[in-house]
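Thanks for sharing this one. Here are my notes on the pockets and on one of the sheets.

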Amino acid sequence: MKIYTIHDKEFLQYGEEVDCPFFGMFIEKAKGIAVPESGCSYMAGVPAFETEEALTYYRKAFGDMDVQIGYCWGRNDTLNALEWHKSSEIHCALEDMILLLGDRREMTDGIFDTKNIKAFLVKKGESVEIYQTTLHFCPTLPGNGVFKNVVILPRGTNTPLTAASEDKKLVARNKWLICHKESKKHVESGKVIGIIGENIVVK
């Protein structure tokens with residue numbers, strides 16, 4: 001699979017590069033957060049990241065909406081699932097990472113074919129806004145490489161639902177998800193199988 005950069009024209013369909021004026025602060029605060037020995041960890045909002053200056057900056061980026069500043073990091077080399085939100089999402093790479101991205105508009109009857117996935121390298125220090133039409137999930141790196149990604153979203157996103165939903169793809173607040181049949185964890189927890197084709201592994 002070809003790996004593009006966020007500076008290639010192919011990325012324009014999925015997002016755009018944005019500034020990350022708090023990179024140094026995120027790096028410093030991240031030193032106190034452990035990286036799992038396997039798999040990934042996610043926290044929707046981290047008080048240490050959510051300084052008033054950072055919150056004010058990102059509220060402006062989200063049109064004066066309240067925001068949360070959290071993280072997703074660990075070790076992952078496989079697609080397994082895809083999610084989307086009814087909002088953009090900002091990523092700030094504290095280490096190199098590869099995003100596997102799709103376009104929600106390329107889904108047919110709720111199904112997405114991995115032949116339409118594109119991979120993009122986001123280098124340490126780079127930051128991107130991912131559009132609401134962009135399918136994405138946990139960042140990846142080959143082998144046992146460690147990625148660290150600060151994630152900014154409207155506050156409440158990815159937190160537990162306040163009520164059960166008839167839409168089985170809605171798995172958390174402002175989070176819809178489909179999985180690949182080979183993703184045992186997602187299948188066993190009842191997630192909707194909506195990804196066909198190869199379960200992509202980054203090598």
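The points below take the pockets and then the sheet.

1. This is a predicted model, in which local features need pLDDT of at least 70, side-chain atom pairs count only at pLDDT 80 or more, and totals for chains, interfaces and linings use all residues. Residues are numbered from 1 along each chain as its sequence is written, and side-chain values use heavy atoms, leaving out hydrogens and water.

2. The largest pocket (on a 1 Å grid over the protein atoms alone, an open set of points where a 1.4 Å probe fits, with protein on both sides within 12 Å along at least five of seven lines) has a volume, the space filled by probe spheres set on the points, of about 600 Å³. Its lining (residues with an atom within 4 Å of a point) counts 28 residues, and Cys-40, Phe-137, Cys-138, Lys-185 and His-186 are the closest to the centre.

3. Which strand gives the most to that lining? It is β3, with 3 residues; strands here are DSSP runs of E, at least two residues, and helices are runs of H or I, at least four. Helix α3 (184-188) also supplies at least two.

4. The lining of the largest pocket divides into 10 nonpolar, 12 polar and 6 charged residues. In the second largest pocket, of about 150 Å³, the lining has 6 nonpolar, no polar and 2 charged residues, with Met-1 and Lys-203 among them. Asp, Glu, Lys and Arg count as charged, and Gly as polar.

5. An open sheet of 4 strands runs β1-β9-β7-β11 with mixed pairing (a pair needs at least two DSSP bridges). β1 (3-5) and β11 (134-135) stand at the edges with a single partner strand each, so one side of each has no neighbour in the sheet. β7 (97-103) and β11 run antiparallel, joined by 2 bridges; Asp-103 has Thr-134 as its bridge partner.
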